[in-house]
Structures are given as structure tokens and as C-alpha cells.
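User: I am new to reading structures, and I would like to go slowly through how some helices and strands are arranged here. Could we look at the model together?

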Amino acid sequence: SSGINAEWPLRPGKESQEFMVEEYKKLRQRDANAMSKASWRITVRQLESLIRLSEAMAKMVCEDEVLVGHVKEAFRLLSKSIIRVETPDINLEDEPEVPEQTDDAMDGEEGEQLRITFEDYRKISNMLIQRMRDFEDQEKNKDSEEGALKKKELVDWYISQVEEEIEGEQEMIARMNVTEKVIERLVKVDNVLLEIGGGEKGESPYLVVHPNYIVD
């Protein structure tokens, strides 16, 4: 609250401060858990804007204190002004490290990159991460020393969950490839998963969820 007072010339009531904090948390949570292709980008700038708008509302009616009603109206106006940002499809292929190629060769490879929609990426990611969390909890309850799934075990588990949607061997291979690529991105790009071991004699590494990650 001291931080708010420093930015806010008018005296805010305690209830107003608490309401503002809660509304800002809701905006941040909605941004973090956005499951649609269009999401919001909420930063501390939105909090600063909320403070200024609330102060302006109070001044308009000659109040010497910012009330909850002023914050509510400021929040309503701010929510309308927030721009939705389109999230592009996810490219699951690593950037190729190859020598310079001719234009014809590059054109030939274009379109072969493996892409999935943002919605599918989030759906697969959340299923995999939740499975890992559940497995970790089960192993803790059994006092097991294992405590983590291998990458191959996680891929096999996911395929078992969607096998009714799969038609034929080719589609199964494609699904497995996509799942492996999603896991790679969660490790290398999103830093949500951590790899432990593996790499020797083709052994599959163990995977753990980063301790600071909160499952949606």
C-alpha cells in the first residue's frame, strides 16, 4: 500500500487499495492463463493507468479520497482500452543451421516446417505438465525414489490419451513427432520443463516441471 500512496496524491481508502490490487491481479491472471489465440499483455503500466484514472474520477466529483466506485469506473474504462494481441501459430521446428542455399532450394523447403495452432500447443502442453505433476504426487505418496517420468514414457502416455482420434500408423507417427517437438519447446524455449540425464546410448532423459511453474 505504501507504493500506491507514493504514486497517488489523493488519499485512497483501504478498501479502494485492496479492490485495486485484486482487479489488477485478475487482469494478470487472465493474461497468464489465456487459452485463446487472442490474449492480453498486462504489465505494470496498466496498474499505473488504473491509479491515474481512479484519481481523475475522484477529482471530477471533487472528492478528497479515491473510493471503490472511482476504481470500478477506472477499471471498466481501462478494460475497454486494452488491446488484444494475436498469438501466431507455433513453429515446432528448430532454426536450421545449414550453409547458404540457393533461392530454389530454400523455396523447396518452405512449407515443410512443423506448425500447430496456439490452442493445440497450449492443450498438449497443459496435458503433459498435468500428467507430470500427477506422477510426481503419486511417487511422493509411495515414497518412491523415481519421482520423474522419462520423455518416452510421457510421449507414450499422451498418445494413449488421444489414440481414439488417431487413424492409422502414419497419423500415430505424426502425433508422436508433434508431442516430442512440444516437449522440446517446453524445455528449450519456454523453460517450463527440465531435462535430467539421457543422451548416452540413446537413453531417454527424465523430465521434471520447473519448480516455479504454476499449472493453468
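Analyst: Two strands count as paired if DSSP finds at least two bridges between them. Please keep in mind that this is a predicted model.

User: How many bridges join S7 and strand S9, and in which sense do they pair?

Analyst: Strands of a sheet pair through backbone hydrogen bonds, either parallel or antiparallel. In the pairing of S7 with S9 (residues 206–209), Lys 150 stands opposite Tyr 206 in S9. S7 and S9 are joined in the antiparallel sense, over two bridges.

User: Which strands stand at the edges of the sheet?

Analyst: The sheet is open and has three strands in the order S7-S9-S8, with antiparallel pairing. Two of its strands have a single partner strand each, so one side of each is left without a neighbour in the sheet, and these edge strands are S7 (149–150) and S8 (193–196).

User: What angle does the direction of H6 make with that of S9?

Analyst: Helix H6 packs on the sheet, where it touches S7, S8 and S9. Its direction and that of S9 make an angle of about 95 degrees.

User: Is H6 roughly parallel or oblique to H7?

Analyst: The axes of H6 (residues 118–141) and H7 (residues 151–162) come within 11 Å and cross at roughly 120 degrees. Angles under 35 degrees count as roughly parallel, over 145 as roughly antiparallel and 65 to 115 as roughly perpendicular, with the rest oblique. The crossing angle therefore makes the relation of H6 to H7 oblique.

Notes
Residues numbered from 1 in each chain as written. Predicted model: local features only at pLDDT ≥ 70, side-chain atom pairs only at ≥ 80, totals over all residues. Heavy atoms only, no water. Axes fitted to C-alpha atoms, helices over the stretch in contact; angles between N-to-C directions. Helix = DSSP H or I, 4+ residues; strand = E, 2+ residues; numbered from the N terminus. Contact = heavy atoms within 4.5 Å.
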